[in-house]
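Visitor: I should like to learn how to read a structure of this kind. May we go through it feature by feature?

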Amino acid sequence: MSPAPATSTAFRRLPGITFEQSLPHPGDPLPRMDIAGFVGFASTGPLDVPVAVEDMTRFTEVFGERVPLFRDAVTGEQAYGHLAPTVDAFFAAGGRRCWVVRVAGRPEQSNAAGRARLPVPGLAVVGADGVPVQALLPARSVGCWADDVRVSGGVLAERLRLVGITYGGAGRPPVHCVLDGSAPVRIGDLVRVTYLRPGPARVTGMFAVTALARSAESPGRTEVSGGRPLWLLAAGLGGPVAGTAQLPTGPVAVTVEDAGAAGEVLLHAAVPLEDAPAAGTLLRLVLAGARTAVLVVREARATAGAGSALRVSGSMSFVTGAPPAGGAPAAAPDVAEVLGIELRARTGANRIDVVGDLGPAPGHPRWIGLLPTDEELYGAALSGLDRAGPPAVPELWRETATRRFPLAGTGGAAEVFYPIAMDAAVFAGADPQPGRRLERDGLADFGAALFLDPELADSGAATLMSTAEYLSTTGAGARRLLGLHALLPLDEVTVVAVPDAVHPGWRYGAPPAEPRPPGHVRYLPPAECRHSGADGGFEDRSASVPGAPELTASADALGNVRLSWSGVSGVDPVYVLEESAGRTWAAAAEIYRGTGTATDLYGRAPGTYAYRVRAEAAGAAGDWSAGVAVAVGTGEPWVSRDPGADGQAAAVHRALLRMCAARGDQFAVLSLPAGHREAEALTYATALRRSLAGDGERVLGFGAFYHPWPVMAVDGAGPLPRPPDGAVAGTLAARALGAGSWVAPANVPLDGVLALTPPLPDGAYGLLEEARINTLRSTPRGFMVLSAATLSADPEFRQINVRRLLSLLRRIALREGPAYVFEPDGPAVRGALRRRFEAVLSELLVRGAFAGAGRADSFQVTTPAGRAGEGRLLVELRVAPSVPLRFLLVRLLRSGAGDLSVEGV
């Protein structure tokens with residue numbers, strides 16, 4: 001039988017995007033053990049609020065680029081915060097999700113971080129005296145990062161069909177008008193009415209809509225009530241007028257004259273150009289006759305031939321306190337419009353973010369004042385973790401969270417924003433802020449207090465959880481936990497690192513050392529001796545090899561580098577210039593090739609750069625010049641202190657170990673300060689263990705040291721030393737996702753590692769590992785960690801995989817236990833509970849978590865009956881981890897009050 005003919009559409013494939021339905025992944029029945037938490041310094045982002053991050057793009061969106069801190073007092077190299085490269089290394093090593101906490105000086109501390117305020121050109125708010133003043137919007141987060149932000153704005157106007165309007169009156173609102181038809185007006189909108197006068201003069205009034213109602217007399221019309229209007233008069237001056245202007249530097253005497261159309265003026269003042277107001281700035285003027293006016297600056301320039309004379313052009317309006325006199329103010333104006341506002345923000349990378357359809361007044365669903373700070377936005381997301389759905393937040397929050405807008409609103413201040421003369425082409429920067437760079441970042445005083453909740457800093461492991469619960473849940477004073485303790489309530493975080501705790505600290509005022517270039521290695525060009533090809537011999541070409549030029553370099557505060565070098569003798573030499581952003585020439589890149597002896601580089605990012613040049617002529621390459629290094633963008637002289645000057649890192653490590661032990665299922669990844677040799681490392685680890693003696697040996701089993709530091713280039717900034725925290729935490733996460741958290745996180749090559757620093761002699765590794773410091777080593781398979789020891793001296797808890805397995809069992813017990821909290825105690829409930837835990841432990845046995853060959857010698861689950869009337873339900877889990885250990889005991893206990901607790905881990 002012949003096959004049935006295919007239809008014309010049987011095998012037709014449509015171009016474009018196709019969709020395939022796939023079944024959802026069944027998921028792992030075990031709790032996740034791969035999610036990490038990192039605490040450190042960042043350029044932007046909320047303070048003390050954990051933010052979930054699943055890739056570096058998201059990290060950069062919230063927390064910005066790595067933050068510059070200080071220059072090394074010995075080498076002169078620029079040092080940065082370790083948070084960004086640590087998170088980058090975590091993802092590179094296999095991590096998929098982490099929580100990040102930015103820390104800095106808090107408002108109650110002496111080194112509190114400052115928040116920049118940015119003027120929006122042509123946008124005003126009304127002061128207490130009824131005169132418009134420049135509208136300033138705060139940056140979304142604290143720090144000096146906002147110095148690079150430029151702000152612009154525009155007005156969106158839509159005509160209204162106005163039937164009639166009245167101003168004030170007995171029992172009536174300040175403004176009442178009737179609109180024809182279904183008006184495109186919402187509460188919180190701004191309505192602008194314009195009265196044209198004979199000649200070019202005009203009167204403009206703006207009022208916020210406070211109430212809307214359908215007209216009772218004419219159902220097809222809308223009645224609008226509004227707040228007190230702002231009245232502005234644009235009119236000619238009729239000649240030069242003297243007065244006073246409030247410039248950013250203070251009040252100055254000025255002369256104002258007309259410059260064409262009504263309201264367009266020129267202002268003259270005896271002020272140097274460097275004190276001129278920026279374009280878009282709103283100036284307050286008091287002219288002859290005590291007339292108050294506002295001027296929106298369009299341009300400021302020095303008067304030709306005068307060293308301290310300034311000419312400012314712009315749009316000026318007189319401030320009046322009443323509707324236009326003369327005529328009939330109750331009649332419909334010549335023009336009526338509803339206004340919307342659009343804000344634009346441009347960053348230093350020339351990225352422009354736009355938020356449109358913003359409302360000028362409170363009550364509007366997209367009121368400018370609703371733009372969230374980072375603390376508000378991510379704090380709300382954090383508060384919604386325990387709810388069934390996402391938290392109820394304004395629509396504007398969801399929009400600006402997707403592509404984080406740099407500005408925030410005014411919060412509780414119920415201000416109305418008035419667009420007086422907005423120009424979308426004019427961008428203005430932040431007002432100059434007092435204080436040095438690290439002072440404004442909240443990092444001027446380095447210390448343990450930056451990383452810790454002040455009321456939990458000295459809490460022992462036994463009392464920390466109860467104290468933290470009291471602080472975060474009790475009474476009107478309940479608050480969010482701070483510093484690394486902000487990770488305490490996040491159940492999914494099981495690995496914690498604080499990479500910035502190991503900085504040496506810094507100070508201000510000492511001149512930093514000149515940066516050192518990488519070592520000079522003589523290059524032996526192969527062109528010195530070449531085969532002649534005539535008689536099979538060789539000819540001496542050394543005389544044609546160019547000499548080494550002499551190189552000089554300098555940099556300015558804007559990141560521009562000037563390089564020049566001496567010429568060499570030879571036939572048409574070509575010069576090759578290389579740049580390196582690391583400590584070696586291995587990552588050097590060619591940035592110039594030509595016959596010139598100088599070049600300029602523009603806009604280099606902050607950092608230390610090294611340069612070298614050589615000449616090539618007639619097929620021969622000369623020796624490299626001596627390297628020259630320059631520091632770009634360091635600005636203020638912040639330099640490192642003596643690394644041994646204080647014990648800040650030890651205080652943070654103690655608090656972190658106590659927190660992990662108090663939680664029972666978190667593990668601390670600890671790094672030693674940079675540059676520690678074996679003797680210093682042993683001393684540091686021994687002192688830390690002694691300082692925790694009062695908390696018991698159990699606490700030491702919740703953390704591990706790793707040393708030395710890997711040299712990595714994970715964030716595109718060249719090979720530089722990084723704390724091992726990120727690579728190790730990523731390895732822990734990858735192990736948990738792949739093989740299981742009960743598998744030792746060792747013997748795995750670390751991606752992106754180029755070298756180790758400081759170099760340790762072979763004999764040092766044995767000493768460090770005897771002291772339970774896990775060492776990174778160079779092996780034929782790559783750089784890897786060959787041990788997995790906690791800080792504990794107890795042989796049963798010495799291995800990281802044992803601690804992680806017990807933490808997993810704790811999480812399983814807390815996940816399964818709540819289903820039985822209110823069940824009546826009896827053989828049926830105990831039997832069901834025993835079978836449930838046996839099924840989960842059998843799954844772990846199959847995966848290789850236990851040492852035994854079968855259930856009998858791998859785990860035991862018992863549910864002993866409690867005494868009558870106690871209301872206690874006890875489950876005992878006895879397990880043999882996949883190392884030669886005796887059975888370890890884990891207890892899940894339900895008290896008579898219905899509370900759950902896990903003991904013995």
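Guide: We may begin with a charged side chain placed over an aromatic ring. In this predicted model, Arg803 lies over the face of Phe702, at 3.9 Å from the ring centre.

Visitor: Over the face of which residue does Arg140 lie?

Guide: Arg140 lies over the face of Trp145, and the distance from the ring centre is 5.3 Å.

Visitor: How does one describe two aromatic rings that meet each other?

Guide: A pair of aromatic rings is described by two quantities, the distance of the centres and the angle of the planes. In this model the count comes to 16 aromatic pairs. One of them joins Phe38 and Phe90, whose centres are 5.3 Å apart with 70° between the planes, an edge-to-face arrangement. This pair links distant parts of the chain, with Phe38 in strand β1 (residues 36-40) and Phe90 in helix α2 (residues 83-92), 52 residues apart.

Visitor: Is Phe38 buried or exposed?

Guide: Phe38 is buried, because its relative accessible area is 0%, and a residue counts as buried under 20%. Phe90 is likewise buried, with a relative accessible area of 0%.

Visitor: What kind of pair do Tyr684 and Phe705 form?

Guide: Tyr684 and Phe705 form an edge-to-face pair, at 5.8 Å centre to centre and 75° between the planes. The pair links distant parts of the chain: Tyr684 belongs to helix α8 and Phe705 to strand β39 (residues 703-707), 21 residues apart. Both residues are buried, Tyr684 with a relative accessible area of 14% and Phe705 with one of 0%.

Visitor: Which residues form one aromatic cluster?

Guide: The cluster consists of Phe41, Phe70, Phe446, Phe451 and Trp506.

Visitor: How should I read the two sides of a helix?

Guide: One asks which residues are buried and where they point. In helix α11 (residues 762-770), the residues Ala764, Tyr765 and Leu768 are buried. Seen down the axis of α11, its buried residues fall within an arc of 105°, so they line one face of the helix. On the other side of α11, Asp762, Gly763 and Glu770 are exposed.

Visitor: Against which elements do the buried residues of α11 pack?

Guide: They pack against α8 (678-691) and β43 (773-779). After α11 comes Arg772, whose phi is positive, near 60°.

Visitor: How many disulfides are there?

Guide: A disulfide is a covalent bond between the sulfur atoms of two cysteines. Here the count comes to zero disulfides. As for individual cysteines, Cys144 is buried, with a relative accessible area of 15%, and Cys660 is buried, with 0%.

Terms used: Residues numbered from 1 in each chain as written. Predicted model: local features only at pLDDT ≥ 70, side-chain atom pairs only at ≥ 80, totals over all residues. Heavy atoms only, no water. Disulfide = S-S within 2.5 Å. Buried < 20%, exposed > 50% of the residue type's maximum accessible area, 1.4 Å probe, protein only. Helix = DSSP H or I, 4+ residues; strand = E, 2+ residues; numbered from the N terminus. Arc of directions from axis to C-beta. Contact = heavy atoms within 4.5 Å. Phe/Tyr/Trp six-rings, centres within 6.5 Å; stacked < 30°, edge-to-face > 60°. Lys NZ or Arg CZ within 6 Å of the ring centre and 35° of its normal.
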